[in-house]
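Notebook open, structure on screen. I want to know how the strands sit and which rings meet.

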Amino acid sequence: MIYSNPLIYIEIHDSEIPWLKVFTHTHHKEFSECTREEKESIWESLDIIERKMLAYFKPDKINIASFGNMLPRVHWHIMARYANDSYFPEPMWGVKQREGLVSTAPMELFIEELKVELTSRFAAS
């Protein structure tokens with residue numbers, strides 16, 4: 001876990017691309033079951049992560065998804081995608097297109113910067 005507040009937490013997904021997942025602490029099966037505060041925390045965190053990923057990793061596209069078919073609880077995936085990653089333009093769950101090349105920017109520095117911004121934003125709430 002890279003970040004947690006009383007409503008949500010954020011994890012890194014092990015992947016060749018920068019990929020984070022946002023979860024609610026309370027296990028909800030559907031987004032409509034979340035409280036207004038949980039929904040706001042999810043949207044705020046996705047917005048912060050997307051902006052930070054765009055600035056730091058300079059991807060070709062950001063993908064944000066919430067399926068919950070294999071893990072039937074509310075969670076969101078946010079991925080920095082590159083035209084030369086292994087799956088592009090397919091989803092990361094799709095058919096591998098090639099051996100991909102990805103951003104060489106260190107994930108550790110991104111995570112440290114992200115933690116600072118998330119902590120600052122949610123402390124102000």
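Before anything else, the cut-off I need: a residue is buried if its relative accessible area is under 20%. I also remind myself that this is a predicted model.

**Entry 1: the middle strand**

I looked up β3 with that cut-off. Both of its faces are covered: Trp-19, Lys-21 and Phe-23 are buried on one side, and Leu-20, Val-22 and Thr-24 are buried on the other. In a regular strand the side chains alternate between the two faces of the sheet. With 6 of its 6 residues buried, β3 is largely enclosed by the rest of the structure.

Which strands pair with β3? I found β2 joined to β3 by 5 bridges, running antiparallel. These two form a hairpin, with 6 residues between them. One bridge I checked puts Glu-11 opposite Lys-21 of β3. I then found that β5 also pairs with β3, again antiparallel and over 5 bridges. Here Phe-23 has His-75 of β5 as its bridge partner.

**Entry 2: the whole chain**

I stepped back to count elements and got 2 helices and 5 strands. From the N terminus their order reads β-β-β-α-β-β-α. I looked up the radius of gyration next: it is 15 Å, close to the 14 Å that the globule rule gives for 125 residues, so the chain is as compact as a globular protein of that length. The C-alpha trace spans about 40 × 30 × 20 Å along its principal axes.

Of the 125 residues, 41% count as buried. The chain exposes about 7100 Å², and carbon and sulfur atoms supply 54% of that. I also looked at contacts with a separation of 6 or more: 52% of them come from residues 24 or more positions apart.

**Entry 3: rings**

A pair of aromatic rings is described by the distance of the centres and the angle of the planes. I count 10 aromatic pairs. How do the rings of Tyr-9 and Phe-23 meet, stacked or edge-to-face? Their centres are 5.0 Å apart and their planes are at 10°, so I note the pair as stacked. Tyr-9 belongs to strand β2 (residues 8–12) and Phe-23 to strand β3 (residues 19–24), so the pair ties together parts 14 residues apart in sequence. Both Tyr-9 and Phe-23 are buried.

I did the same for Trp-19 and Trp-93: with centres 5.5 Å apart and planes at 85°, the pair is edge-to-face. This pair links distant parts of the chain, since Trp-19 is in strand β3 and Trp-93 is in the loop between β5 (75–81) and α2 (107–123), 74 residues apart. Trp-19 is buried at 4% relative accessibility, while Trp-93 is partly exposed at 45%. Ring pairs also bring in Phe-67, giving a cluster of Trp-19, Phe-67 and Trp-93.

I looked for charges over rings too. The charged end of Lys-39 sits over the ring of Phe-31, 5.4 Å from its centre. The charged end of Arg-121 sits over the ring of Phe-122, 5.8 Å from its centre.

**Entry 4: backbone oddities**

Most residues other than glycine have a negative phi, and most peptide bonds are trans. Where does the backbone have a cis peptide bond? I found one from Phe-88 to Pro-89, with omega near 10°. Pro-89 is in the loop between β5 and α2.

I also flagged Lys-58, which is not a glycine yet has a positive phi of about 55°. Lys-58 lies in the loop between α1 (36–57) and β4 (61–65), and is exposed with a relative accessible area of 59%.

Key. Residues are numbered from 1 along each chain as its sequence is written. This is a predicted model: local features need pLDDT of at least 70, side-chain atom pairs count only at pLDDT 80 or more; totals for chains, interfaces and linings use all residues. Side-chain values use heavy atoms; hydrogens and water are left out. Rings of Phe, Tyr and Trp (its six-membered ring) pair if their centres lie within 6.5 Å; planes under 30 degrees apart count as stacked, over 60 as edge-to-face and the rest as tilted. Helices (H or I, at least four residues) and strands (E, at least two) are DSSP runs, numbered from the N terminus. Buried means under 20% relative accessible area, exposed over 50%, partly exposed in between (1.4 Å probe, protein chains only). A charge sits over a ring if NZ of Lys or CZ of Arg is within 6 Å of the ring centre and within 35 degrees of the ring normal. Two strands pair if DSSP finds at least two bridges between them. The radius of gyration is taken over C-alpha atoms; the globule rule is 2.2 Å times the number of residues to the power 0.38. Contact means heavy atoms within 4.5 Å. Accessible areas come from the Shrake-Rupley method with a 1.4 Å probe; for residues, only the protein chains shown count as cover.
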